[in-house]
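The following exercises are to be worked with the sequence and the model at hand. Each task is followed by a solution in steps.

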Amino acid sequence: MGRFVVRRILQAIPVLIGVTFLIFYLVFALKGDPIQALAGEKRADPNVAAMLREQYHLNDPKIVQYWHYITGVFTGDLGTTYTGRPISDIVSERFPVTLKLALTAFGIEAVIGITAGIFAALKKGKFVDNLVLISTLVLISIPVFVLGSVLQLELGVKVGITPVAGIDDGWPNSYILPAFVLASTSMAYIARLTRASMMESIRADYVRTAIAKGLPRRRVIGIHTLRNSLIPVVTFLGMDLGALMGGAIITERLFNLPGIGGQLAKSVYLRERPVVVGLVTLLVLIYLVANLVVDLLYAVLDPRIRYE
């Protein structure tokens, strides 16, 4: 197992370099002068602008700029903004909000999605199954910003059981509603994926053998069926954790949460290219770690899977 982890980490290095290079090149290839953007509508002082371009290597070829950036990443330095603020300060300030939101959404989609999928599979063709299928179809069909706006109006304004926006009420009060909105689509997919995987496992030979041996139904479902059925679900959840971190842009702006998503959208608008690249690099690292954790969980869920 240790050798497998080391091998996966080594494999992640070229992936990180390749992805960050594409992101860096695409972001810095955008038209517009970021130094002039700092001055707004006024014309930037030529001497100051030249000094800043030299300081941030903007006169160098893209590959040289990327070399300065990636060498900093491997030493833990995500760079600085054009105003001189370290991007690590922005991350330390904004990341906890996004992390709380993403983990809360992750818990909601995992618990509700898996539970709904299990009940739907065990009650195939009955009321519970139809209810799950219809409700998940509705959640998949409704855009996130529409669902969020409706829930803000109904639960926040009219009923008043949850904050409408901001994080003044702390966790969990300020995070439950935006987390549910963020998790809604993935929760529906997880419920359907769990249902399909459970139904396939129930028809498997080893499940019929366990039933024929007289094992209790709870043991057959909980150990023999559910354990193997969760493998594709765990894969989806692992991939979705990174998506929740990066996909919170709309949700954070809708609920006025000071997280990574809001900062990313603001930086794109202000042409703060180092901030955009630094934050996206952080999300790529989260994806890579999530991939590794998912691979390790495979061996826990299915004893037949072993990493030499």
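**Exercise 1. Determine in which helix of the chain confidence is lowest and in which it is highest.**

Step 1. The model is predicted; local features need pLDDT of at least 70, side-chain atom pairs count only at pLDDT 80 or more, and totals for chains, interfaces and linings use all residues. Residues are numbered from 1 along each chain as its sequence is written, and side-chain values use heavy atoms, with hydrogens and water left out.

Step 2. pLDDT is the predictor's confidence in each residue, from 0 to 100. Helices are DSSP runs of H or I with at least four residues, numbered from the N terminus.

Step 3. Confidence is lowest in helix α2 (residues 34–39), at a mean of 68, and highest in helix α6 (residues 127–141), at 92. For the chain, the mean pLDDT is 82, and 93% of the residues reach 70 or more. Where pLDDT is low, the predicted coordinates should not be read in detail.

**Exercise 2. Find the salt bridges of the whole structure and state where D129 and R195 lie.**

Step 1. The criterion is a side-chain nitrogen of Lys or Arg within 4 Å of a carboxyl oxygen of Asp or Glu. The search of the whole structure yields 3 salt bridges.

Step 2. One of them joins the side chains of D129 and R195 at 2.6 Å, N to O. Because D129 belongs to helix α6 and R195 to helix α8 (residues 173–202), the pair ties together parts that are 66 residues apart in sequence. Both D129 and R195 are buried, a class that means under 20% relative accessible area, with exposed over 50% and partly exposed in between (1.4 Å probe, protein chains only).

Step 3. R85 and E93 also meet through their side chains, at 2.6 Å, N to O. R85 is partly exposed at a relative accessible area of 34%, and E93 is partly exposed at 46%.

Step 4. Between K158 and E154, the closest N and O atoms are 3.4 Å apart. Both residues lie in helix α7 (residues 144–159), 4 residues apart, about one turn of the helix. K158 is exposed at 56%, whereas E154 is partly exposed at 33%.

**Exercise 3. Identify the residues with the most contacts inside the largest nonpolar core, then examine I114 in the second core.**

Step 1. A nonpolar core is a set of buried Ala, Val, Leu, Ile, Met, Phe, Trp, Tyr and Cys residues joined through side-chain atoms within 4.5 Å. The largest has 52 residues, and Y69 and L101 have the most contacts inside it. Helix α13 (residues 273–301) contributes the largest share of this core, 10 residues.

Step 2. A second, separate core of 16 residues includes I114, I118, I190 and M198. I114 sits in helix α5 (residues 87–122) and counts as buried at 17% relative accessibility.

Step 3. Contact means heavy atoms within 4.5 Å. Neighbours within four places in sequence aside, the contacts of I114 include I190, T194 and L230. I114 and L230 are 116 residues apart in sequence, yet their C-alpha atoms are 8.7 Å apart in space.

Technical notes:
Helices (H or I, at least four residues) and strands (E, at least two) are DSSP runs, numbered from the N terminus.
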